[in-house]
Amino acid sequence: MFFVCIDEWGWDQAPARVPMFPGDLPRQDHPLPKALDDAAAAKLLRAAQAEPRLLVRVTIEVLLRTGLRVSEFTALSADAVVQIGAAPWLHVPVGKLREDRYLPLHPHLVVLIEQYRTAHVPAEHPLLLPRENGRALDRHTVTRFINKAGTAAGLAHIHPHQLRHTLATQAINRGMSLEAIAAMLGHRSMDMTLRYAKIANRTVADEYFAVTDQVDALYAKTEPLPADAIGPKMARLRREHHRLLHHRLLGNGHCTRPAELDCAFESICENCSFFQTSIEFRPTLQAQHDDAEKKGQHHRADLFNQLLTGLTEGEAS
């Protein structure tokens, strides 16, 4: 651009022609974002939840469940948690891209943040989650927190930004649209978001293992494939049938989360301002309430109890 500009500006020292073009520049490497896989993320979260220091737990859970940059997390103001409609949201201040945004906040995080603030943060403090002594957190402290829990979970060194990549990868592997991921992460352009489309590991693995048997048969035998070898359309139908049998049915789709992984989002839909229910769903809501009581998940039990109470009041009126 220097050579282009001095030519356009008519400098006497400008060369007769532009001596360098974009094609002369070496191509830069574009490594994919490094995310934790589902099993490692679950181990990290469980290790964080077992930490005696509440600040370690709240730091890791907020980063892992919101995808915030560390600079955004440490700059959250005391009034960052806001209520919009019936659901809590997190107001992320102006940061790297010079603009702010709002993120949906899981009720579990609301409770966790309130617990920490009640125990360690004066009401007049300007930050949402400072240290216990009132000083602001910094990137190095956050990194130590993450790796303390990571070491307890048996994981190698973890960079804080990996938690952001982890949430994005989990979201795209479970069908979240690129537009929604870009809005959640605060990407100004889709270029960065599109990089996550290249690491939809679950999708690639499902497609690969669906054809592995046929490929093995091709290499192991010299004769033609048997007549019952299924084509691509039948393979897709079989995978869909397998998915319906092994994935949990939801009200508007299916949950593909492996059974061995804990789920902290079992009541996120019911907190949405667009959620509605009616009397025919009473048995389902009652079963969800009883399940929450059995597991000791009091915030879920209270939520479903409120929904059931609303149905009762609606019948009475």
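**Close-up views of the predicted model**

**Figure 1. Pairing of strand 2 with strand 3.** Strand 2 (residues 87–92) is joined to strand 3 by four bridges, and the two strands run antiparallel. The model shown in this and every other view is predicted. One facing pair consists of leucine 90 and leucine 103, the latter in strand 3. Valine 92 also has a bridge partner in strand 3, namely arginine 101. As a general rule, side chains in a regular strand alternate between the two faces of the sheet.

**Figure 2. The hairpin of strand 1 and strand 2.** Strand 1 and strand 2 are likewise antiparallel, with four bridges between them. Glutamine 83 faces proline 88, a residue of strand 2. Two residues separate the strands of this hairpin. In the turn, glycine 85 adopts a positive phi of about 70°.

**Figure 3. The open sheet of three strands.** The strands follow one another in the order 1-2-3, and their pairing is antiparallel. Strand 1 (81–84) and strand 3 (101–104) are the edge strands, since each of them pairs on one side only. From one strand to the next, the twist averages 40°.

**Figure 4. Valine 62 and its surroundings in helix 3.** Helix 3 spans residues 54–66 and includes valine 62. Is valine 62 buried or exposed? Its relative accessibility is 2%, and therefore valine 62 counts as buried; the cut-off for a buried residue is under 20%. When residues up to four places away in sequence are not counted, valine 62 touches Gly67, Leu68, Phe73, Leu109 and Ile113. Valine 62 and leucine 109 are 47 residues apart along the chain, yet 6.8 Å separates their C-alpha atoms.

**Figure 5. Glutamate 61, also in helix 3.** Glutamate 61 has a relative accessible area of 0%, so this residue is buried. Which residues does glutamate 61 touch, not counting those up to four places away in sequence? They are Leu45, Gln49, His108, Leu109 and Leu112. Leu109 is also among the residues touched by valine 62.

**Figure 6. The buried residues of helix 8.** Helix 8 covers residues 178–185, and its buried residues are Ile181, Ala182, Met184 and Leu185. These residues lie on the same side of helix 8 because they cover an arc of only 165° around the axis. An α-helix has 3.6 residues a turn, so residues three or four places apart point the same way. Just after helix 8 comes glycine 186, with a positive phi of about 75°.

**Figure 7. Methionine 190 and its contacts.** Methionine 190 belongs to helix 9, which consists of residues 190–196. With 30% relative accessibility, methionine 190 counts as partly exposed. Which residues are in contact with methionine 190, once its neighbours within four places in sequence are left aside? The contacts are with Leu178, Glu179 and Ala182. Of these, Ala182 is one of the buried residues of helix 8. Glutamate 179 and methionine 190 are eleven residues apart in sequence, and the distance between them, C-alpha to C-alpha, is 7.7 Å.

**Figure 8. The aromatic pair of the structure.** The structure holds one aromatic pair. The pair is formed by the rings of tryptophan 9 and tryptophan 11, whose centres are 5.9 Å apart. Why is the pair described as tilted? The ring planes stand at 40°; planes under 30 degrees apart would count as stacked and those over 60 as edge-to-face, so the angle falls into the remaining class. Tryptophan 9 counts as exposed, with 57% relative accessibility, whereas tryptophan 11, at 43%, counts as partly exposed.

**Figure 9. The protein chain as a whole, as context for the close-up views.** The chain contains 13 helices and five strands. It has 317 residues, of which 34% count as buried. Among contacts between residues at least 6 apart in sequence, 58% join residues at least 24 apart. The accessible surface comes to about 20,000 Å², and carbon and sulfur atoms account for 57% of that area.

Definitions and conventions:
Residues numbered from 1 in each chain as written. Predicted model: local features only at pLDDT ≥ 70, side-chain atom pairs only at ≥ 80, totals over all residues. Heavy atoms only, no water. Phe/Tyr/Trp six-rings, centres within 6.5 Å; stacked < 30°, edge-to-face > 60°. Buried < 20%, exposed > 50% of the residue type's maximum accessible area, 1.4 Å probe, protein only. Contact = heavy atoms within 4.5 Å. Areas by Shrake-Rupley, 256 points an atom, 1.4 Å probe, with all protein chains shown as cover. Pairing = 2+ DSSP bridges. Axes fitted to C-alpha atoms, helices over the stretch in contact; angles between N-to-C directions. Arc of directions from axis to C-beta.
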